[in-house]
Protein chains: 2
Amino acid sequence: MSDWRTYVRKVEPYVPGEQPKEKNVIKLNTNENPYPPSPRVAEALMEFDYDELRRYPDPESTILLDALAETYHVDKNQIFVGVGSDDVLAMSFMTFFNSPKPIIFPDITYSFYDVWADEFRIPYETKPLKEDFRIDVDDYLVENGGIVLPNPNAPTGLAEGLEVYERIIRSNPDSVVIIDEAYVDFGAESVFPLIEKYDNLLVVQTFSKSRCMAGSRIGYAFGNPELIRCLNDVKYSFNSYTMDRITQKLGTAMLMDPEYFEHTVQSIIETREWTKQELQKLGFTFGDSKANFIFAKHESVYAEEIFKALKEAKIYVRYFKKPRIDNYLRISIGTRKEMETLVLFLQEYLSR
Amino acid sequence: MSDWRTYVRKVEPYVPGEQPKEKNVIKLNTNENPYPPSPRVAEALMEFDYDELRRYPDPESTILLDALAETYHVDKNQIFVGVGSDDVLAMSFMTFFNSPKPIIFPDITYSFYDVWADEFRIPYETKPLKEDFRIDVDDYLVENGGIVLPNPNAPTGLAEGLEVYERIIRSNPDSVVIIDEAYVDFGAESVFPLIEKYDNLLVVQTFSKSRCMAGSRIGYAFGNPELIRCLNDVKYSFNSYTMDRITQKLGTAMLMDPEYFEHTVQSIIETREWTKQELQKLGFTFGDSKANFIFAKHESVYAEEIFKALKEAKIYVRYFKKPRIDNYLRISIGTRKEMETLVLFLQEYLSR
């Protein structure tokens, strides 16, 4: 029977990490920042006049673009903003990945890439990471319809050297190469300066991790002005006004406090390194994460078992029941106190 | 030469109404509400704890869905929410309009419909409105890949009787029929109760007009649970977290004050009717608008001339340089005082 169901777009949606509604949980499952946004954000919130809400926001998000341009020393026509980096990535896939050739990305990576490819009916091929979860550069020097690579990769936390990304970008002038830098501020080197050199490079970042504002939904991308214009054309053909008035102001306020940003990022890095030491003592192994999470497996206990035990103790981490990584836990870095609680629990649990 | 530009999605973006940055203008060009949101929204804003922003929002926007379900007496699985009704409509086009047959909509209507069709490569046909800007029902009783119709229509402001929409919905069981009710609260009859009767009906509404919150970006849709599930699957394959934490709370607060909503809507309707009388005295003609704008032409002066004169006087209205409507002005209904200023200016200008 033919009815309206025949022509519905059928998709298998991305499943985000659990957002438990109960209080008093230690939430280390979605790579959120354990610190609140800068006090400047609280001030901007207090100062916001609710009467403004009756008017549409500035469709160009000028204040936020200006603040990003100043922060990163680029022109504002080299920046695109969206409703979180997922929105920026979705728009980018739609804009740049329209070749009949497959786009390529690693087999172990952000699990939204294949969802977007399916949603937009983009052919894709995944390239297996090596045994040590590093990428094999040669995999990305083949014909393709586009490339997307995270720096550092998720959920592994591993970053390649700048020269690796540059070689891939340089070797693919016919494709747009998207480098997804959601976690870059926690210790990897950003490829962002390369936008001045390569017109096929788009670098995507977010306020959700290092800038403590996952709840506000702000993502952004850097690229040469032509690339950004293409992206804006597609965005303006989708929704003129995506960034609401309050979010534009709060995001701008966050950028006005670089000291706070640097200080909180540094704390997270220190806590990560401390946690690595403690986990190692407990028999965990992991790569050298440059992100705000550790991707670890235990020498003798199955990840899924540990995951369940932690959840019962109201400590949420992320477990992916997927080939090659189903014996790993992705543990976000919380406050030092939260990580101490985690470590104490694991000490006790593993010594049983 | 083949390079990355070859496979960029090329689109002709929608151009939103001007958002002048200067102050002291009378802004009657984007159908915004002249009144602020309910004081409940101001309270919710004051109470918001900025520390929450470090966490992702509830991806399901549960509090907002619950408040909408209570307001409209439907189940929450019959509701979809998005970043303004443009986001809801874009997602709906992407979800439901995938037939090789063309979708259909009027030639004079919301000028985003053809933009979305182009963006998503959906074939479409426009059906000319009759001389009096009414739709010809027979136009919508033909084979099609989907139908989108506004109730009331924009920029004409004209609403059809419920039986007209119902006939179209009933006659097209193989297509999803989207009724875009951005302006319905200002005097048209909503088709929304028909979602219980027809599983191919999606009714889209917004907080941007009657609910005074264009700056917050909240749109929603009603439909049977199966339709809503399809829409959610596509949305979750695009961006898990679209509604930020503050917006979810402020939208919920707005729904908690139905008296304020009814009172402000009533004021706008009264001001509209007063403005109609005054414009008529000045030689304007227009249909019986059921929206928060009047679509008017003058008996002797060209619309574009009046538009320019108004703009010089810092009164912004909307003018579309398009076939059939290039001698009309779309004038949003502001406060009584704003409309008095408009009328006074026109009295003087037209008597020159």
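## Two crossing helices

In this predicted model, the axes of α3(A) and α6(A) cross at roughly 105 degrees and come within 9 Å. Angles from 65 to 115 degrees count as roughly perpendicular, and that makes α3(A) roughly perpendicular to α6(A).

Here's who meets whom: α3(A) brings Met91(A), Ser92(A), Met94(A) and Thr95(A), while α6(A) answers with Cys230(A), Leu231(A), Val234(A) and Lys235(A). By class, this helix-to-helix contact breaks down into 5 nonpolar, 2 polar and 1 charged.

## Where chain A meets chain B

Both of those helices turn up again at the contact between the chains. That contact takes 69 residues from chain A and 69 residues from chain B. On the chain A side, the elements giving two or more residues are α1 (39–47), α3 (84–96), α4 (113–119), α6 (225–236) and α7 (245–255). Which one gives the largest share? That would be α3(A), with 7 residues.

As for chemistry, the side of chain A that touches chain B has 35 nonpolar residues, alongside 18 polar and 16 charged ones.

## How the copies are related

In general, a rotation about an axis plus a shift along it relates two copies of a chain. For this pair, a turn of 180 degrees and a shift of 0.0 Å along the axis lay chain A on chain B, with an RMSD of 0.0 Å. In other words, you're looking at the relation of a two-fold axis. If you want a marker for that axis in chain A, go to Met46(A): its C-alpha is the nearest one, 3.4 Å away.

The interface fits that picture too. Of the interface residues of chain A, 100% are also interface residues in chain B, so the copies meet through the same surface.

## Inside chain A: two domains

Now for the split within the chain. The domain assignment of chain A puts 17–37 + 259–350 in domain 1 and 39–256 in domain 2. Taken over C-alpha atoms, the centres of these two domains of chain A are 25 Å apart. Their contact draws 24 residues from domain 1 of chain A and 22 residues from domain 2 of chain A.

What does domain 1 of chain A use on the side that touches domain 2 of chain A? Here α8 (258–281) and β10 (293–298) of chain A each supply at least two residues. The most comes from α8(A), which gives 5 residues. Sorted by class, the residues on this side of domain 1 of chain A are 13 nonpolar, 6 polar and 5 charged.

Notes. Residues are numbered from 1 along each chain as its sequence is written. Chains are lettered from A and ligands numbered from 1 in the order in which they are written. This is a predicted model: local features need pLDDT of at least 70, side-chain atom pairs count only at pLDDT 80 or more; totals for chains, interfaces and linings use all residues. Domain bounds come from an automatic or database domain assignment. Two residues are in contact if their C-beta atoms, placed from the backbone, lie within 7 Å. Helices (H or I, at least four residues) and strands (E, at least two) are DSSP runs, numbered from the N terminus. Ala, Val, Leu, Ile, Met, Phe, Trp, Tyr, Cys and Pro count as nonpolar, Asp, Glu, Lys and Arg as charged, and the others, Gly among them, as polar. Copies are superposed by least squares on the C-alpha atoms of residues with pLDDT of at least 70 in both. Axes are lines fitted to C-alpha atoms, for helices over the stretch in contact, and angles run from 0 to 180 degrees between N-to-C directions. Angles under 35 degrees count as roughly parallel, over 145 as roughly antiparallel, 65 to 115 as roughly perpendicular and the rest as oblique.
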